[in-house]
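Please open the structure in your viewer and keep the selection panel at hand. The tour below goes from stop to stop, saying what to select and what is to be found there.

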4 protein chains.
Amino acid sequence: MSNTPTTQTRIADSFGSQGLMKTLGASLVFVGEGEVHIAMPFSLALSQQQGFVHAGAVTSIVDSACGYAALTTAPAEFDVVTAEFKINFMRPALGTRFVAVGKVQSAGKLLSVCTGEVRAFTDGATAYKVVAMMQATVVNVRRAG
Amino acid sequence: MSNTPTTQTRIADSFGSQGLMKTLGASLVFVGEGEVHIAMPFSLALSQQQGFVHAGAVTSIVDSACGYAALTTAPAEFDVVTAEFKINFMRPALGTRFVAVGKVQSAGKLLSVCTGEVRAFTDGATAYKVVAMMQATVVNVRRAG
Amino acid sequence: MSNTPTTQTRIADSFGSQGLMKTLGASLVFVGEGEVHIAMPFSLALSQQQGFVHAGAVTSIVDSACGYAALTTAPAEFDVVTAEFKINFMRPALGTRFVAVGKVQSAGKLLSVCTGEVRAFTDGATAYKVVAMMQATVVNVRRAG
Amino acid sequence: MSNTPTTQTRIADSFGSQGLMKTLGASLVFVGEGEVHIAMPFSLALSQQQGFVHAGAVTSIVDSACGYAALTTAPAEFDVVTAEFKINFMRPALGTRFVAVGKVQSAGKLLSVCTGEVRAFTDGATAYKVVAMMQATVVNVRRAG
């Protein structure tokens, strides 16, 4: 699917129907050709035992960002499914807001390879720290119906 | 840390202080030497766009299960942090209840390697399907204080 | 493809045509349904800077073992290609002989997930140490011709 | 270790003592601060069953490139060991010459995260295709002696 207004709408609709994204307080903030950003404010509801954001929440938003990035470059009649990913956590997820950036690195007929990162921002600062890096494999699956 | 009642208590306390586990509705169901299980019932609050459980929720519980498994074999004065993991999603996370099983495969002084899987159960059935498999690297870090 | 004599022959022929396996001194030692073993004796030609076997040689044999394991369970008209893998190195590859064991964990129509490990043996001992663990995604691709 | 002439020499010496790099016909072509390149010409001695370069050979050079990249940013008294990596193979390794590029993305006291790619070149052309992408975790280990 090319990155038309239709793609934008389709991704926004899909994102809106993800219960987990709502539960995590995440929002879709950018959809471009081969690149999608998802933001998530800090909340104690997302914490691990030391009060930082749990690796699972960090992972959830960057997984979705990679999947939707892959959808922007998938053929029109296909949906995408994450086959697998690998993620490194470089530092504690400390911040007031997190932005996951997913990018398509290689878009094949069947499989896409995406990379993602999660950036931690602190209120009032423009700089960010990358807290996690992902490399993911996404499968194109023909849409039913 | 050996798998003494103290370890059990320490893990239960740590788990209880994870905001994300509460948000996901997850509970700690087994702590053994080198093995930890975490359960999570299905909820629409955890869904992806097709109504299955989101890969991020599946990942969150098996990441925690692997981390706590590593803690059962870590030296007493150490905490653990997930450095990275890789996870494959073999089928849609369809079921009424999910159990993540994390196991230590190799416990080094500095790094442990764990494997994990997430099992999907359906009410009334005893069989399960493995929906995801993880391989994780966990770091021992000396406790502050 | 089911694990018939034909599969055995097909895998032996394919293995025999891999220049790298010959270069590494590797041999195919077991082909079963969903499981393949490849052996490689120690050689200085495979070393890293400290004289142990290089992670790349260890990886090469377990990648091939996983790929061939996936081939034993792939439909008859399909070949397999490794899409990606993740590998942990738990200890130095010290030994006189290494055996890579690849196993199919989940065989889908399109993708298989395999796990592998590399065992280090020392002459005269029957015990071994696992020096590396792999989790791999293998794609079924329709054979040309 | 900072990227002084000493680092350059140390990496060249280490590379020269890797039996596997010689066996694969690989050479060290660039050492910069946080970035190392390793080249390898095509040879049938490196092939898989279809005549392309085997994923294991591709992986070996990019693993070494990532490890040496990490060494350029490690503290002076430390060596490095690859703890684990993940690699995607995006297309067949077809070409006359391959260059693995390893880069440090995050250099911690204990662990570094590196990314790598393998570029396939064809004689007479200046363009290249990326055939594989790696994300690796490298550990700093204090040098003995």
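Begin by selecting β2 and β4 of chain C, which in this predicted model pair in the antiparallel sense over seven bridges. Within that pair, put labels on Ala39(C) and on Val99(C) of β4(C), since these two residues stand opposite one another.

Keep β4(C) selected and add β5(C): the two strands form a hairpin with three residues between them, and they pair in the antiparallel sense over ten bridges. Along this pair, Gly102(C) has Gly116(C) of β5(C) as its bridge partner.

Stay for a moment on Gly116(C), which lies in strand β5 of chain C. Is this glycine, Gly116(C), buried or exposed? Gly116(C) is buried, because 28 other C-beta atoms lie within 10 Å, where 20 or more are needed for a residue to count as buried. Leaving aside residues up to four places away in sequence, the contacts of Gly116(C) include Val62(C), Ala65(C) and Cys66(C), and also Ala100(C), Val101(C), Gly102(C) and Lys103(C), together with Met134(C) and Ala136(C). A distance drawn between the C-alpha atoms of Gly116(C) and Ser64(C) reads 9.8 Å, although 52 residues separate them in sequence.

Next, extend the selection from β5 (residues 111-121) to β6 (residues 128-142) of chain C, two strands that run antiparallel and are joined by eleven bridges. Val118(C) offers a convenient place to look, as its bridge partner in β6(C) is Ala132(C).

Now select the strands of chains C and D together, and follow the sheet across both chains. Twelve strands form an open sheet with antiparallel pairing, in the order β1(C)-β2(C)-β4(C)-β5(C)-β6(C)-β3(C)-β3(D)-β6(D)-β5(D)-β4(D)-β2(D)-β1(D). At the edges stand β1 (27-32) of chain C and β1 (27-32) of chain D, each with a single partner strand, so that one side of each is left without a neighbour in the sheet. Looking along the sheet, one finds a twist that averages 20° from one strand to the next.

With the sheet still displayed, add helix α3 (residues 55-73) of chain C, which packs on the sheet with a direction that makes about 40° with that of β4(C). This helix touches β1, β2, β3, β4, β5 and β6 of chain C, and β3 (78-89) of chain D as well. Helix α3 (residues 55-73) of chain D also packs on the sheet, touching β1, β2, β3, β4, β5 and β6 of chain D together with β3 of chain C, and its direction makes about 40° with that of β4(D).

Turn then to chain B and select its helix α3 (residues 55-73), whose end C-alpha atoms are 28 Å apart; this agrees with the 27 Å that 19 residues should span at 1.5 Å a residue. Colouring α3(B) by burial shows 19 of its 19 residues to be buried, so the helix is largely enclosed by the rest of the structure.

From here, select the contact between chains B and A, which takes 28 residues from chain B and 28 residues from chain A. On the side of chain B that touches chain A, the elements giving two or more residues are α2 (19-24), α3 and β3 (78-89) of chain B, and the largest share, eight residues, comes from β3(B). By character, the residues on that side divide into ten nonpolar, 15 polar and three charged.

Show β3(A) beside β3(B), and the two strands will be seen to pair in the antiparallel sense over five bridges, with Ile87(B) as the bridge partner of Phe85(A). A turn of 180° with a shift of 0.0 Å along the axis lays chain B on chain A with an RMSD of 0.0 Å; in chain B, the C-alpha nearest that axis belongs to Lys86(B), 2.0 Å from it. Because 100% of the interface residues of chain B are also interface residues in chain A, the copies meet through the same surface.

For the last stop, select chains A and D, where the contact takes ten residues from each of chain A and chain D. On the side of chain A, the elements that give two or more residues are β3 (78-89), β4 (97-107) and β6 (128-142), of which β6(A) gives the most, with three residues.

Note on methods: Residues numbered from 1 in each chain as written. Chains lettered and ligands numbered in written order. Predicted model: local features only at pLDDT ≥ 70, side-chain atom pairs only at ≥ 80, totals over all residues. Pairing = 2+ DSSP bridges. Helix = DSSP H or I, 4+ residues; strand = E, 2+ residues; numbered from the N terminus. Axes fitted to C-alpha atoms, helices over the stretch in contact; angles between N-to-C directions. Contact = placed C-beta atoms within 7 Å. Buried ≥ 20, exposed ≤ 12 C-beta atoms within 10 Å, placed from the backbone. Expected span 1.5 Å × (residues − 1). Nonpolar A, V, L, I, M, F, W, Y, C, P; charged D, E, K, R; others polar. Least-squares fit on C-alpha atoms with pLDDT ≥ 70 in both.
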